[in-house]
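Thank you all for making time this morning. I would like to walk through one structure for those who have not seen it before, beginning with a single residue and widening the view from there.

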Amino acid sequence: MTEIPEHLLKRSRERRAALEGTPAAAPAESSDNVPATTASSAPAAPAAPSGPAPRTAAPEAAAPPPPKPDSPVVAAYRARRKVPFWAMAALALLPIWTFMYVRSVTASAEEATGPLGMGAEVYSNCASCHGGGGGGGVGYAFTEGEVLATFPNIEDQLRYVLYGTGAYNVAGVEIYGNPDRPGGPHVTGARGAMPGFEGALTDYEILSVVCHERFTLGGADPTSEMWADEYEHWCSEESEYFLELEEGASLATLHEMHDSVLPIGDGPAEGSPAMEG
Ligand code: HEC
């Protein structure tokens, strides 16, 4: 048997006193779980704050310490120039400005003369099948170098547009462009029938629309080493071939006047591969 501890005995005495209605029981109730020995030290607790503690706490509440000075980075951030109030208005006008800019550039292209200026208009004969921007439709796309891959030499494209798929079929020409075409050769009739434009358009109109397809739609860069020569002789405003055609020469006989021109001739022929270099 263990001995009943003193504090438990004390608690049971207090309980009994509470049940009997003795007023002295009330304070004992609150210290239910506290050992009896702490009861004597309890009154000391409220006295503790009356020591030096309030004196140190008070000044801190009354006068908060001055804010720390900003670090250089924060100071620079605070001192930066704010976005001016009119910036939002300027930004809001940006789309209008862009629209005006694009319009002015497009307008100047429309007014361009020479083969490219004329070609853009003649292209209305082709857009229904090849797309207004040359993106393709029934006929192949010209964009992103596609037409240049088929016809590395402009003469082969001129011949093809002159005579069309029907004449190539009759002549038994299976591949109408570069036989080594990157992405595979284009086989006559694989996509359908391309009309020949001999007689429907003049020879200089055919040259102009072919220039449009190669340089404006196809992406040939007139300033690049690869296309500068072709551009200068065939498609620039100073093109001597274009001038000669306007004056009555024909695409079929142009090579007789210029060693550098491949024979286009008066009928379909195999396409010539890309020249080395
Ligand atoms: C009636 C529709 C039609 C019209 C109009 C048309 N084409 Fe085509 N074109 C085609 C088709 C179809 C082909 C593919 C023919 C084939 O598969 O043999 C093609 C092929 C071409 C190609 C060869 C492209 C390649 O990479 O193989 C060129 C160049 C071309 N057309 C130029 C023109 C030009 C220039 C005009 C306007 C003057 C024009 N086309 C008008 C239907 C058309």
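Let me start with Gln157, which is buried, because its relative accessible area is 1%. I should say at once that what you are looking at is a predicted model, and that every value I quote is computed from it. Gln157 is found in helix H11, and once its neighbours within four places in sequence are set aside, its contacts are Val147, Phe151, Val210, Glu213 and Arg214.

With that residue in mind, let me step back to the chain as a whole. The protein chain holds 15 helices and zero strands, and of its 277 residues, 28% are buried. If we take the contacts with a separation of 6 or more, 65% of them are between residues 24 or more positions apart. The accessible surface of the chain comes to about 18000 Å², and carbon and sulfur atoms account for 62% of that surface.

Now to the interior. The largest nonpolar core has 38 residues, and those with the most contacts inside it are Ile154, Leu158, Ile206, Leu207, Val210, Trp234 and Leu251. At least two residues of this core come from each of helices H10 (146-150), H11 (154-171), H12 (203-217), H13 (228-235) and H14 (240-246). As general background, nonpolar side chains in soluble globular proteins tend to be buried together.

Leu158 is a useful place from which to look around this core. Apart from its neighbours within four places in sequence, Leu158 is in contact with Ile206, Leu207, Val210, Trp234, Leu251 and Ile264. You may recall Val210 from a moment ago, since Gln157 is in contact with that residue too.

Another element to look at here is helix H8, which spans residues 114-122 and in which Pro115, Gly117, Gly119 and Val122 are buried. Against which helices do the buried residues of H8 pack? They pack against H12, H13 and H14.

Let me turn next to the charged pairs, of which I will show three, although a search of the whole structure finds five salt bridges. In one of them, Glu6 pairs with Arg13, with the closest N and O atoms 3.5 Å apart. Glu6 counts as exposed, at 54% relative accessibility, while Arg13 is partly exposed, with a relative accessible area of 47%.

Another salt bridge joins the side chains of Glu14 and Lys10, at 3.2 Å from N to O. Because these two residues are four residues apart in helix H1 (residues 6-19), about one helical turn separates them. The general point behind this is that an α-helix has 3.6 residues a turn, so residues three or four places apart point the same way. Glu14 is partly exposed at a relative accessible area of 23%, and Lys10 also counts as partly exposed, at 31% relative accessibility.

The third pair I want to show is Arg181 with Glu146, whose side chains meet in a salt bridge at 3.0 Å, N to O. Arg181 lies in the loop between H11 and H12 and Glu146 in helix H10, so this pair ties together parts that are 35 residues apart in sequence. Arg181 counts as buried, at 8% relative accessibility, whereas Glu146 counts as partly exposed, at 36%.

The loop between H11 and H12 also contains His186. Is His186 buried or exposed? His186 is buried, because its relative accessible area is 12%, and the cut-off for buried is under 20%. Its side chain makes a polar contact with the side chain of Thr150, at 3.5 Å. Leaving aside neighbours within four places in sequence, His186 is in contact with Tyr140, Thr150, Glu174, Ile175, Tyr176 and Arg181, so Arg181 of the salt bridge appears on this list as well.

Finally, the ligand. Around the ligand there are 28 residues, of which Cys126, Cys129, His130, Tyr176 and Met194 come nearest. A polar side-chain atom of His130 lies 2.8 Å from a nitrogen atom of the ligand. For Tyr176, an N or O atom in the side chain is 2.5 Å from an oxygen atom of the ligand. At Gly189 the backbone takes part, with a polar backbone atom 2.6 Å from an oxygen atom of the ligand. Tyr176 is also among the residues in contact with His186, and with that I will stop and take questions.

Notes. Residues numbered from 1 in each chain as written. Predicted model: local features only at pLDDT ≥ 70, side-chain atom pairs only at ≥ 80, totals over all residues. Heavy atoms only, no water. Core = buried A, V, L, I, M, F, W, Y, C linked by side-chain atoms within 4.5 Å. Buried < 20%, exposed > 50% of the residue type's maximum accessible area, 1.4 Å probe, protein only. Contact = heavy atoms within 4.5 Å. Polar contact = N/O pair within 3.5 Å; in protein donor to acceptor, adjacent residues only side chain to side chain. Salt bridge = Lys/Arg side-chain N within 4 Å of Asp/Glu carboxyl O. Areas by Shrake-Rupley, 256 points an atom, 1.4 Å probe, with all protein chains shown as cover. Near = heavy atom within 4 Å.
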